[in-house]
Amino acid sequence: MITPATLQKGDTVAIVATARKYTDNHLQPAIDLLHSWGLKVVIGKSIGLDNNQLAGSDEERTADFQTQLDNPNIKAIWCVKGGYGTVRIIDLLDFTKFRQNPKWIVGFSDITVLHNHLNTLGYKTIHGIMPVTAPRATAEAKETLKKALFKQPLSYEIPSDPMNRTGFAKGELVGGNLSILYSLFGSPSAIDCEDKILFIEDLDEYLYHIDRMMMNLKRNGCLESIKGIVVGSMTKMKDNDIPWGKNAVQIIEDVTKKYDIPVIYNFPAGHIQDNRALILGSTVSMEVTPVKSTLKFQD
């Protein structure tokens, strides 16, 4: 996997919208955060555009993202928010100049489309906080994004969750939002799960749909070939009038229990304030014991 260039003080980060619109004009906390790291900021033309739910037309969002991809002076692209819409532009983008000058793509949620597509092309990306979530993000979440961008050592040690499955695994970290992963299977942007460590998280889904998506991963052979699973936040789950009978974590456990692999539950990443950065495409080691869980990035 190719690692984009490490950021240096004085480098420029572009903030763009690939999905839902951002017209609130409250970017200053995110801008101030980048400035505090010694970075410059460019605001993309997609910020402020209003096309119903989306940040302008597909063509406008594509043009803005393409401009930042092709500009060698832009060292990272920070997606302002998720929602839905990135999949509508992924096939319109040309990564030719990106291959000549790789840069960090940062975000989560709907940005999983970009994470997975770039993974298939052989590039690392950063799953982490976005400008819209920066004001309420924890200090740890902000600091880990800085570490990822500036290539400082990144590792996590968290207390063990009672649902965890103990063990050790090493492999390339892939994944992101479960709903997006599910939607990409069968497309050119679908990840190859073989020998990978899979990270998943989700927000605002019906519990039966979590089961549907996990069954899809199973039937696609993804769960058969992975080395371990890291489960982030499963936030604001919904149920029907007739209960499904299991919560999201129990559903994941039910579908994955037949596989002899370590599993970390309740990892601090996803749609929560403590959304710590993950370098997707990196080789990581995960160790799960009855006392603690560790995740260490090794390249």
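In which helix is the place of Y208? In this predicted model, Y208 belongs to helix α7, which covers residues 207-219. Its relative accessible area is 33%, so Y208 counts as partly exposed. Together with Y206 and W244, Y208 makes a nonpolar surface patch of about 290 Å².

Helix α7 also takes part in covering another helix. The buried residues of α9, which spans residues 248-256, are A248, I251, I252, E253, V255 and T256. Among the elements that cover these buried residues are α7, α8 (222-225), β8 (196-203) and β9 (228-235). An α-helix has 3.6 residues a turn, so residues three or four places apart point the same way. At the N-terminal end of α9, N247 acts as a cap, with a side-chain oxygen 3.2 Å from the backbone nitrogen of V249.

A further site of interest is R276, found in the loop between β10 (263-264) and β11 (278-280). R276 has a relative accessibility of 19% and therefore counts as buried, since the cut-off is under 20%. Leaving aside residues up to four places away in sequence, R276 touches H127, E140, A141, T144, Y156, P268 and A269. The side chain of R276 also forms a polar contact with the side chain of D274, at 2.9 Å.

The two atomic distances are set out below.

| Residue | Partner | Distance |
|---|---|---|
| N247 (side-chain oxygen) | V249 (backbone nitrogen) | 3.2 Å |
| R276 (side chain) | D274 (side chain) | 2.9 Å |

Methods:
Residues numbered from 1 in each chain as written. Predicted model: local features only at pLDDT ≥ 70, side-chain atom pairs only at ≥ 80, totals over all residues. Heavy atoms only, no water. Helix = DSSP H or I, 4+ residues; strand = E, 2+ residues; numbered from the N terminus. Buried < 20%, exposed > 50% of the residue type's maximum accessible area, 1.4 Å probe, protein only. Polar contact = N/O pair within 3.5 Å; in protein donor to acceptor, adjacent residues only side chain to side chain. Contact = heavy atoms within 4.5 Å. Patch = residues over 30% accessible without salt bridge, like charges linked within 9 Å, V, L, I, M, F, W, Y side chains within 5 Å. Areas by Shrake-Rupley, 256 points an atom, 1.4 Å probe, with all protein chains shown as cover. Salt bridge = Lys/Arg side-chain N within 4 Å of Asp/Glu carboxyl O.
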